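Before reading on, please take some time to look at the sequence and the structure together. The report below begins with the chain as a whole and then turns to a single residue.

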Amino acid sequence: MMIATKGRNALKVMLDLAQHNDGTNISLADIAERVKESQKYLEATVAALSAAGLIISARGKLGGYRLARKPEEYTVAEIICAAEGSLAPVSCLDGNCENACNCLTLPLWRELDEVIMNFLNSKSLADLLK
């Protein structure tokens with residue numbers, strides 16, 4: 001499993017929103033400048049985070065983005081999964097393996113997936129701000 005740029009950028013956006021969490025909307029231009037990513041590229045990231053209910057978006061002159069919850073209420077796992085989908089280390093864990101009933105390595109991959117998810121679920125957005 002490798003966490004792709006989408007997941008890393010989602011985490012960077014959420015951290016930026018948490019650092020500037022004063023109840024006001026933050027423009028994507030400001031976020032992009034601070035996290036050193038293109039605004040165009042981050043549009044897909046904030047769309048995914050918004051669709052997952054992790055951030056609130058507002059249009060208009062005072063529009064932008066803000067957290068939907070407190071930083072301590074977000075896990076790193078849910079943020080990365082919102083951007084990337086499954087974090088399974090191998091594709092057969094997504095239920096698309098015809099050989100699952102005969103696969104001797106499947107228990108290993110399930111255990112690895114559990115370790116990864118337990119770790120990422122044990123870390124909150126607030127933990128990363130410390």
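## Contacts and overall layout

In this predicted model, residues that lie 24 or more positions apart account for 63% of the contacts in the chain with a separation of 6 or more. The chain contains six helices and two strands, and when it is read along the sequence these elements follow the pattern α-α-α-β-β-α-α-α.

The C-alpha atoms, taken along the principal axes, fill a box of roughly 60 × 30 × 25 Å. The table gathers some further values that describe the whole chain.

| Property of the chain | Value |
|---|---|
| Share of the 130 residues that count as buried | 34% |
| Accessible surface | about 7800 Å² |
| Share of that surface belonging to carbon and sulfur atoms | 52% |
| Distance between the mean positions of the positive and negative charges | 7 Å |

The last row rests on 14 positive and 16 negative charges in the chain.

## One residue: D30

Where along the chain does D30 lie? This residue belongs to helix 2, which covers residues 28-35. Is D30 buried, partly exposed or exposed? Its relative accessibility is 37%, and because this value falls between the cut-offs of 20% and 50%, D30 counts as partly exposed.

D30 can also be placed in relation to D16, which is 14 residues away along the chain. The C-alpha atoms of D30 and D16 are separated by 9.5 Å in the model.

Terms used:
Residues numbered from 1 in each chain as written. Predicted model: local features only at pLDDT ≥ 70, side-chain atom pairs only at ≥ 80, totals over all residues. Heavy atoms only, no water. Helix = DSSP H or I, 4+ residues; strand = E, 2+ residues; numbered from the N terminus. Buried < 20%, exposed > 50% of the residue type's maximum accessible area, 1.4 Å probe, protein only. Contact = heavy atoms within 4.5 Å. Areas by Shrake-Rupley, 256 points an atom, 1.4 Å probe, with all protein chains shown as cover. Lys, Arg positive; Asp, Glu negative; His and termini not counted. Charge placed at Lys NZ, Arg CZ, Asp CG, Glu CD.
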